[in-house]
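Me: Please take a close look at the surroundings of the ligand. I should like a connected account of its contacts and of the pocket that holds it.

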Amino acid sequence: MEIIDWVGFLMPYEQAVNELKLKFSNLASDFKKQAQHSPIEHVDGRVKRVASILEKAHRKNIDYAHIAEKIEDIAGIRIICKFVEDIDKVVEMLHIRDGIDLTITQERDYITNTKPSGYRSYHILITYPLITTSGPFRVAAEIQIRTMSMDFWATIEHSIKYKYSGNLPDDLQTRLKNAAEASFQLDKEMGYIRGEIVEAQRVVQQRNDLVDQILRKVEKLHFMVKFDKANELNRQFMEIYEEGNLEKLQGFNQQLSLMAKLYNVQHS
Ligand code: 0O2
């Protein structure tokens, strides 16, 4: 049997995981910077461990020479969302990228078609182009899109299944099924109050941004023009902040902008 150079074999997959993770994380930051709800909560990625690749090859009767073509989830990206609705948005965004910086080869909707185990997640299989030292190259990758609740369940179930090598005792299987149902109900309930949650997040984000802007301006006024009333501004800020009135904070921020203009202080 031919010896596989695993380090060299896995290198392009690592590159693909790193690039894809960065792309989707940047997308999430863009939404947040524009004070919009990001359908992407966070992004994880991993290259399958050699032991898991060998186990899968053995389970599916795949010859070692065909591992690269037949095992399509050696590179894996996981996009975690808050709401089920966000999953549709992420899928839509991936469709837009299809043929641009990735190519979709297959989709598996385990949300509509929940697996008998109770597993829910949306899988998109892709090929991803890489430029390596030996030239252009396409690697297969699997993107799993799921809510936090689906992810929690899947992670727990995966480790339990691993511990029992797939042969779960009946009572454990029943409990996991119940937990899958609870996870489904949680997603449903959160979906009903999605609007409220998104609005609350927007207000918190807006308040945090305002506080950052105000403190930056006070700091600049203090250090750049030795503004002797900086302490007084800080006191006023704390008073308004503790009152928790967003409009007053906005007004105070505008007042500081005028002051900064008057003293010719550049601020971002
Ligand atoms: P790992 O360790 O996460 O990489 P199939 O063709 O259906 O027999 P295949 O090719 O594995 O199987 O595809 P499938 O079913 O879409 O599964 C791909 C991955 O989805 C799995 O990879 C798991 O990560 C996840 N998954 C699928 N079913 C379940 C499930 O019932 N429970 C949990 N927790 N995860 C699941 P691996 O290689 O199995 O595992």
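Reply: The account below treats the ligand first and the pockets afterwards. The model is predicted, so that local features need pLDDT of at least 70 and side-chain atom pairs count only at pLDDT 80 or more, while totals for chains, interfaces and linings use all residues. Residues are numbered from 1 along each chain as its sequence is written, and side-chain values use heavy atoms, with hydrogens and water left out.

Around the ligand there are 18 residues (each with a heavy atom within 4 Å of it). Those that come nearest are Lys-48, Lys-56, Lys-115, Ser-117 and Glu-157. By class, this shell holds 11 charged, 4 polar and 3 nonpolar residues; Asp, Glu, Lys and Arg count as charged, Ala, Val, Leu, Ile, Met, Phe, Trp, Tyr, Cys and Pro as nonpolar, and the others, Gly among them, as polar. Helices and strands are DSSP runs (H or I, at least four residues; E, at least two), numbered from the N terminus. At least two shell residues come from each of α2 (50–59), β5 (135–147) and α5 (148–163), and α5 gives the most, with 4 residues.

Several polar contacts (pairs of N or O atoms within 3.5 Å) can be described. A polar side-chain atom of Lys-56 lies 2.7 Å from an oxygen atom of the ligand. In the side chain of His-158, an N or O atom is 3.0 Å from a ligand oxygen atom. Ala-154 contributes through its backbone, where an N or O atom lies 3.0 Å from a nitrogen atom of the ligand. On its own the ligand has 730 Å² of accessible area (Shrake-Rupley method, 1.4 Å probe), of which the protein covers 76%.

The ligand sits in the largest pocket (more than half of its atoms lie within 2 Å of the grid points). A pocket is an open set of points on a 1 Å grid over the protein atoms alone, where a 1.4 Å probe fits, with protein on both sides within 12 Å along at least five of seven lines; lining residues have an atom within 4 Å of a point. This pocket contains about 1,400 Å³ of space, the volume filled by probe spheres set on the points. It is lined by 38 residues, and Lys-48, Lys-56, Arg-59, Asp-73 and His-158 are the closest to its centre. Two or more lining residues come from each of β1 (42–47), α2, β2 (75–81), β4 (122–132), β5 and α5. Helix α5 gives the most to this lining, with 7 residues. The lining comprises 18 charged, 11 polar and 9 nonpolar residues.

Conventions
A polar contact is a pair of N or O atoms within 3.5 Å; within protein, one must be able to donate a hydrogen and the other to accept it, and residues adjacent in sequence count only if both atoms are side-chain atoms.
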